[in-house]
Amino acid sequence: MNAKPARLENLHTDKGKVPVYATGIVAQPWDDYRDEDHAVWKALYQRQRDLLVGRAADEFLQAQDAMGMSPDQIPRFEDLNAVLEAATGWTIVGVEGLLPELDFFDHLANRRFPVSWWIRRPDQLDYIEEPDLFHDLFGHVPLLMIPAFADYMEAYGKGGVKAHGIGADALQHLTRLYWYTVEFGLIRQHDGLRIYGSGIVSSKGESIHCLDSAAPNRIGFDLERIMRTRYRIDSYQKTYFVIDSFEQLMDATRPDFTPIYARLAQQDSIPAGNVLETDAVFNRGTGEGWPTDGDV
Ligand code: PHE
Ligand code: FE
């Protein structure tokens, strides 16, 4: 017999049924994952790992292995937490999905990373609009094993609380930094450019595009330049920014951003695909296939 409680049949559509505790945290309903859910994890895990060897930062791949992530089944948050907490003091907490900004910042500021407990359907392997378990766990969590990046994310959370108090412009500038580093960042390794951004590593198409395509710009990290740059949410990025190390990221973002926000408030934003004279250019994009509008 294969009778499943109704709630399990509705796992993807009935997200509201998982008990919610405090600040949006939910227990991972691990026993409720179906074979289909584990199969989605496995398909995505294997596909991305094969692709990412030689493309993702070595530290990222090593961290995934060190955490004990494997294609076999969806990991249990508590198993990952045992390793993660010992390594850098971070823990992951289950959530239904995107959180209000301030809640998200508060979690990060306290070294908690919110992870969507549900995974996409088999017909959504290539693209999903909302962050699901695969994006969050496979893409974000391994980076939290890297001490410098772990510190960066906590500092970002604290910076987010501060920016929220300053106003919408400050928040927008800070969000662009998150986008172009945490989600879509590239890093220069001894043997060439590699991926660390979570939005890239969880996407087959963008994992190839960001490194192999001549279309996008690849430009050296520059804090204020990034904070002025608009971005894409419905297509591959037109521009990727390259860091030299996670320590560089931490050092560049250590200063108080308050005067930076004040300065940026006087400046125009930069379209997602523009190259400036002051840019350190690794690749000047051909712009092939770029949508003409729609920068956020
Ligand atoms: N130093 C930043 C500030 O004062 C905080 C921050 C750190 C923001 C790291 C982003 C990343 O706001
Ligand atoms: Fe993300």
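In this predicted model, strand β3 (residues 186–189) and strand β4 (residues 192–195) pair in the antiparallel sense, joined by four bridges. The two strands form a hairpin, with two residues between them. The points below treat this strand pairing, then helix α10, and then the site of the iron ion (ligand 2).

**Strands**

- Within the hairpin, Gln189 has Gly192 of β4 as its bridge partner.
- Strand β3 also pairs with strand β6 (residues 239–243); these two run parallel and are joined by two bridges.
- In this parallel pairing, Leu186 stands opposite Val242 of β6.
- In a regular strand, side chains alternate between the two faces of the sheet.

**Helix α10**

- Helix α10 spans residues 204–212, and its buried residues are Glu206, Ser207, His209, Cys210 and Leu211.
- The elements covering these buried residues include β3, β4 and β6, as well as α2 (35–52), α9 (198–201) and β5 (217–220).
- At the start of α10, the backbone nitrogen of Glu206 has a side-chain oxygen of Ser203 within 3.0 Å.

**Iron site**

- The iron ion (ligand 2) has three protein donors, His135 (NE2), His140 (NE2) and Glu183 (OE), at 2.0 to 2.2 Å.
- Along the sequence, the donor residues follow the spacing H-x4-H-x42-E.
- His135 belongs to helix α6 (residues 133–140) and Glu183 to helix α8 (residues 168–183), so this pair ties together parts that lie 48 residues apart in sequence.
- His135 and Glu183 are both buried.

Technical notes. Residues are numbered from 1 along each chain as its sequence is written. Chains are lettered from A and ligands numbered from 1 in the order in which they are written. This is a predicted model: local features need pLDDT of at least 70, side-chain atom pairs count only at pLDDT 80 or more; totals for chains, interfaces and linings use all residues. Side-chain values use heavy atoms; hydrogens and water are left out. Donors are N, O and S atoms within 2.8 Å of the metal (3.2 Å for Na, K and Ca); water is not among the atoms, so sites may look incomplete. Buried means under 20% relative accessible area, exposed over 50%, partly exposed in between (1.4 Å probe, protein chains only). Two strands pair if DSSP finds at least two bridges between them. Contact means heavy atoms within 4.5 Å. A polar contact is a pair of N or O atoms within 3.5 Å; within protein, one must be able to donate a hydrogen and the other to accept it, and residues adjacent in sequence count only if both atoms are side-chain atoms.
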